[in-house]
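Me: I'm a first-year student and still learning to read structures. Could you pick one part of this one, look at it closely, and then lead me on from there to the rest?

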Amino acid sequence: MPAARYKRIVDTFAAKIRAGQLSSGTQLPTHRHLAQQEGIAVVTASRVYAELEAMGLVSSEQGRGTFVRDLALPPGHGIDQRALAADAIDLNFNYPTLAGQANDLRQVLRELAGSGDLEALLRYQPHGGRERDRAAVATHLLNRGLDLTPDCVAVVNGAQHGLTVTALAALRPGDLVAADAITYPGFKVVSEALRLELAPIPTNPAGPDLDALQRLCQHRPVRAIYTMPTIHNPLGWVMDEDARRHLTTTARQHELLIIEDASYAYLAGRPPPPLAATAPDITVYVSGLSKNVATGLRVGFIAAPLARMPAIERAIRATTWNTPALTAAIATRWLEDGTVARLEAEKRTDAALRQAIAYETLKPLQQHAYPTSYFTWLPLPESARADRIAATLATHRISVSTAEPFAITENPPQAIRLALGSTELSTLTDALTTVRRTIEDDTRR
């Protein structure tokens with residue numbers, strides 16, 4: 001078929017979608033039906049839809065068909081943080097803060113201003129952090145079930161930087177990394193930037209399908225697994241001890257590096273020991289102080305086998321040289337004086353309250369969430385469309401995320417992820433009520 005005719009079919013569909021003649025959620029003809037309508041080969045019909053999908057105009061769902069996307073959502077919605085209007089409600093990104101935290105900052109800045117080593121904060125710091133900073137983190141991690149020495153710790157610019165550094169230090173372009181089919185978008189960004197290939201592991205409400213991981217490793221050269229065993233973002237699970245043993249056994253059998261993301265682990269009251277505690281020689285543990293203290297602090301940490309530390313410090317040098325000394329000093333003082341522990345306890349209480357509100361307000365919708373986490377996952381009814389719901393909520397000044405930023409499969413599920421930690425408690429119930437009603441209305445369309 002001449003290229004001009006193939007392009008005309010693509011352009012016709014694109015024009016109708018952009019003009020609103022094909023509204024969001026409209027199901028397009030099957031590949032075979034389109035081929036019959038236009039007198040083209042089925043493979044050409046598939047090419048038409050593939051190009052429309054690459055243009056961001058349609059989405060294909062295995063077993064369901066091809067649907068028109070809602071163009072009101074900006075590219076990168078749910079993965080790139082954008083400024084919201086002052087009156088908007090952010091149920092997309094979590095930046096939980098508590099009353100009085102600004103006073104904590106004023107106090108620690110006064111203390112630092114009066115300290116004797118203030119001038120030292122103006123100079124370059126060791127790539128992995130000062131000895132005092134690393135020791136404070138090591139002591140803090142005892143509360144997470146990790147017993148390690150300061151020389152196995154590196155201080156970084158938040159957990160996102162920690163994931164980047166870990167991947168830079170341990171992996172190479174083209175390496176295959178296993179990850180949950182629904183996973184943290186930040187690791188997707190890291191993988192894309194470093195040209196890593198992500199292999200999806202099917203998930204269920206209790207955790208990843210580890211038998212599927214075993215089969216994957218038997219057939220493909222997997223180098224590492226990225227996992228969030230303690231309060232998974234966004235699915236909320238805490239893997240039990242049997243699953244953790246299964247995962248570490250598979251990792252040892254196939255010589256995998258385990259990248260353990262523990263950014264939300266502080267919200268779990270008494271979780272099983274971290275993977276880094278039971279398999280310390282093959283695990284790099286990444287966490288930080290963004291969620292449990294403040295997102296603007298940008299201090300995180302990596303705990304890794306001693307043999308991996310030179311490569312990790314080299315990667316820190318290549319990316320930022322060192323974590324800014326001032327923020328590291330603030331973090332260290334708060335770790336040492338109990339401020340971090342206090343804030344973690346208070347935020348567990350705050351998250352539990354918000355989850356209780358969400359559970360009651362969103363009923364009877366299906367919900368996947370941990371009782372003390374700051375997010376909930378809403379699988380949608382069969383007839384609902386996540387992008388259309390997100391766009392409708394945006395007209396109500398409410399920002400939510402669809403499953404697309406979290407999915408590493410070709411066909412993201414129809415689901416909404418709600419971040420509960422950013423909006424005022426006084427407005428949370430009304431916002432969630434609007435979410436529920438919007439989903440119910442969309443389901444009836």
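Reply: Happy to! Let's start with P234, which is found in the loop between β9 (222-227) and α9 (241-253). Keep in mind throughout that this is a predicted model. What makes this loop worth a stop is a peptide bond: the one from N233 to P234 is cis, with omega near 20 degrees.

Now follow the chain to α9 and on to the loop between α9 and β10 (257-261), where you will find E255. Its backbone also deserves a look, since E255 is not a glycine and still has a positive phi, about 55 degrees. E255 has a relative accessible area of 72%, so it counts as exposed, the cut-off being over 50%.

A second cis bond lies further along the chain. It joins K363 and P364, with omega about 10 degrees. P364 is placed in the loop between α13 (339-362) and β13 (375-379). K363 has a job in another contact too: its side chain forms a salt bridge with E360, and the closest N and O atoms are 3.2 Å apart. Both partners are partly exposed, E360 at 48% relative accessibility and K363 at 38%.

E255 has company in the matter of positive phi. W321, again a residue other than glycine, has phi near 70 degrees. You can find W321 in the loop between α11 (309-319) and α12, and at 28% relative accessibility it is partly exposed. T320 is found in that loop between α11 and α12 as well, and it is also partly exposed, at 30%. Try tracing from T320 to A135: they are 185 residues apart in sequence, and their C-alpha atoms are 21 Å apart in space.

The helices on either side of this loop have contacts of their own. Take α11 to begin with. E313 forms a salt bridge with R134, with 3.0 Å between the closest N and O atoms. E313 belongs to helix α11 and R134 to helix α5 (residues 131-142), so this pair ties together parts that are 179 residues apart in sequence. The two ends of the bridge differ in cover: E313 is partly exposed, with a relative accessible area of 23%, while R134 is buried at 9%.

On the α12 side, look for T332, which is in helix α12 (residues 325-337). Its side chain makes a polar contact with the side chain of D133, at 2.6 Å. T332 counts as buried because its relative accessibility is 4%, and the limit for buried is under 20%.

What about salt bridges in general? Side chains of opposite charge can pair when their charged atoms come close. In this model the count comes to 16 salt bridges. Another of them joins D441 and R444, where the closest N and O atoms are 2.5 Å apart. D441 is partly exposed at 43% relative accessibility, whereas R444 is exposed at 60%. There is also a network of salt bridges, which links D104, R342 and E346.

Not every group of side chains here is charged. L105, L109 and L326 form a nonpolar patch on the surface, and together they have about 230 Å² of accessible area. L105 is in helix α4 (residues 101-113), and with a relative accessible area of 36% it is partly exposed.

And the cysteines? A disulfide is a covalent bond between the sulfur atoms of two cysteines. The count of disulfides here is zero. Two of the cysteines to look for are C152, buried at 14% relative accessibility, and C217, buried with a relative accessible area of 9%.

Finally, zoom out to the whole chain. The domain assignment gives domain 1 (2-68), domain 2 (89-94 + 341-444) and domain 3 (117-337). Notice that domain 2 is written as two stretches of the chain, 89-94 and 341-444. The centres of domain 1 and domain 3, taken over C-alpha atoms, are 41 Å apart. If you want to return to the starting point, go back to the loop between β9 and α9 and find P234 once more, with its cis bond from N233.

Notes. Residues numbered from 1 in each chain as written. Predicted model: local features only at pLDDT ≥ 70, side-chain atom pairs only at ≥ 80, totals over all residues. Heavy atoms only, no water. Patch = residues over 30% accessible without salt bridge, like charges linked within 9 Å, V, L, I, M, F, W, Y side chains within 5 Å. Areas by Shrake-Rupley, 256 points an atom, 1.4 Å probe, with all protein chains shown as cover. Salt bridge = Lys/Arg side-chain N within 4 Å of Asp/Glu carboxyl O. Helix = DSSP H or I, 4+ residues; strand = E, 2+ residues; numbered from the N terminus. Buried < 20%, exposed > 50% of the residue type's maximum accessible area, 1.4 Å probe, protein only. Domains from an automatic or database assignment. Disulfide = S-S within 2.5 Å. Polar contact = N/O pair within 3.5 Å; in protein donor to acceptor, adjacent residues only side chain to side chain.
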